[in-house]
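Work through the exercises below with the sequence and the coordinates at hand. Each task is followed by a solution in steps.

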Amino acid sequence: LKLAAVQATCLQRSATAVSAFDISSLIMPFPSVQLSSLDGQQPQHEQSGYPAAAVAQEVAHSDGPAAVKCQKVASQEAAPEATMLSNVYSCKSLAQWTDPEGLKHQCLHVPRRIDPSCFQRIVDRIASGQECDPMVADLVDDRGGRGEHVSLKVPDHELPGRIHFAASKLSRGLPFRLGKLICQDARAIAETVAKLLPNHDKLELKLERFGTNTCSRWHVDQYVCRALVSYNLIGTEYTEDDNVDFYELQHCGNNDHVIRDKSRIRFMGVGDMILIKGSQYPGEAKSLVHKSPEVQWYPDGSPVSRLVLKVDVLR
């Protein structure tokens, strides 16, 4: 009973903190985030050759809503700029996801620069069980996570409140700034997806931590859509249809055989908001071929964890 009372109090505080923000800030790209790192360890990428990011040690925060600033270290390698492919509709805000132009693309995208290392130390502490708050215990196991369902079969005036409540529960127990950012993102993305797909049954909001248990094979999602945000390390990889051998893709060929030209692989940035259309998405532009990034490792042999927000429409 005592634990339940503590959890209820934390949830109430989280909801109160988030409700203080101007809702207009939720549908615009957030400010840039720069590196904070004093640790010499750098994760080594297993295959792809992307520059490794240093591990975040200290994060200093600004006063603005979810604006995060970190001290920069001279030895940090900057991630290369990602040029979006033609099957991605890049927008200035989530509101543009409902534009008619979005119907012509397999993926919707709002770029938002967050340094890949900024929240890495927090995610690592959760993965190792060092984060003392018992409310994050569900994120400790490899591919640990938490989820909330939101019905879309409710009156329009009730939906924002239900989404807000689910987003607050999703961010419970996390350090304040990270939890606030995740809560804002979950709320804004869920409201946008609900406008895109009002005739579907429900949204599934998830927060998951990935270690070695990732879906790093090229695939197409066999449901309606998934919107997601990666909060550290690296984002989702994708390519265009004409760069894919669909026979190999559909008959369990390995990754090297699925992709025709590896130079045409792109990846989303950390902090970017994206919506990946699955095979059941209405319209012709759908079924983005994508995968999770390859596992990265610390020099001591432990995997580098990623924290990912998902908003799914399964059917």
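The exercises treat a predicted model and cover strand pairing, a helix, a buried histidine and the nonpolar cores.

**Exercise 1. Strand β7**

Task: Find which strands pair with β7, and in which sense.

Solution:
- Start with the strand itself. β7 spans residues 202-210, and eight of its nine residues are buried.
- Take one partner. Strand β6, residues 145-151, pairs with β7 in the antiparallel sense over seven bridges. In this pairing, S151 has K202 of β7 as its bridge partner.
- Take the other partner. Strand β14, residues 306-313, is also antiparallel to β7, over seven bridges. Here L207 stands opposite L309 of β14.

**Exercise 2. Helix α3**

Task: Compare the span of α3 with the expected value, then list its buried residues.

Solution:
- α3 covers residues 159-170, twelve in number.
- From first to last C-alpha the helix reaches 17 Å, close to the 16 Å expected at 1.5 Å a residue.
- The buried residues of α3 are L159, I163, H164, A166, A167, S168 and L170.

**Exercise 3. Residue H290**

Task: Decide whether H290 is buried or exposed, and identify its side-chain polar contact.

Solution:
- Locate the residue: H290 belongs to strand β12, residues 290-291.
- Apply the cut-off. H290 has 5% relative accessibility, and buried means under 20%. H290 therefore counts as buried.
- Check the side chain. It makes a polar contact with the side chain of D221, at 3.4 Å.
- List the wider surroundings. Leaving aside neighbours within four places in sequence, H290 is in contact with R217, W218, H219, D221, T236, E237, Y238 and I276.

**Exercise 4. The nonpolar cores**

Task: Determine which element gives the largest share of the largest nonpolar core, and which residues touch the most other members.

Solution:
- The largest nonpolar core has 50 residues, of which W97, I189, V193, L203 and L205 touch the most other members.
- The elements that give two or more residues to this core are β5 (107-110), α2 (120-128), α3, α4 (176-196), β7, β8 (225-230), β11 (273-277) and β14.
- The largest share of this core comes from α4, with ten residues.
- Follow one of the well-connected members, I189. Beyond four places in sequence, I189 is in contact with L94, A227, V229, M273, L309 and V311.
- Apart from this core lies another, of eleven residues, including V88, L228, Y238 and M268. Y238 is also among the contacts of H290 from Exercise 3.

Terms used:
Residues are numbered from 1 along each chain as its sequence is written. This is a predicted model: local features need pLDDT of at least 70, side-chain atom pairs count only at pLDDT 80 or more; totals for chains, interfaces and linings use all residues. Side-chain values use heavy atoms; hydrogens and water are left out. Buried means under 20% relative accessible area, exposed over 50%, partly exposed in between (1.4 Å probe, protein chains only). Helices (H or I, at least four residues) and strands (E, at least two) are DSSP runs, numbered from the N terminus. Two strands pair if DSSP finds at least two bridges between them. The expected span of a helix is 1.5 Å times one less than its number of residues. A polar contact is a pair of N or O atoms within 3.5 Å; within protein, one must be able to donate a hydrogen and the other to accept it, and residues adjacent in sequence count only if both atoms are side-chain atoms. Contact means heavy atoms within 4.5 Å. A nonpolar core is a set of buried Ala, Val, Leu, Ile, Met, Phe, Trp, Tyr and Cys residues joined through side-chain atoms within 4.5 Å.
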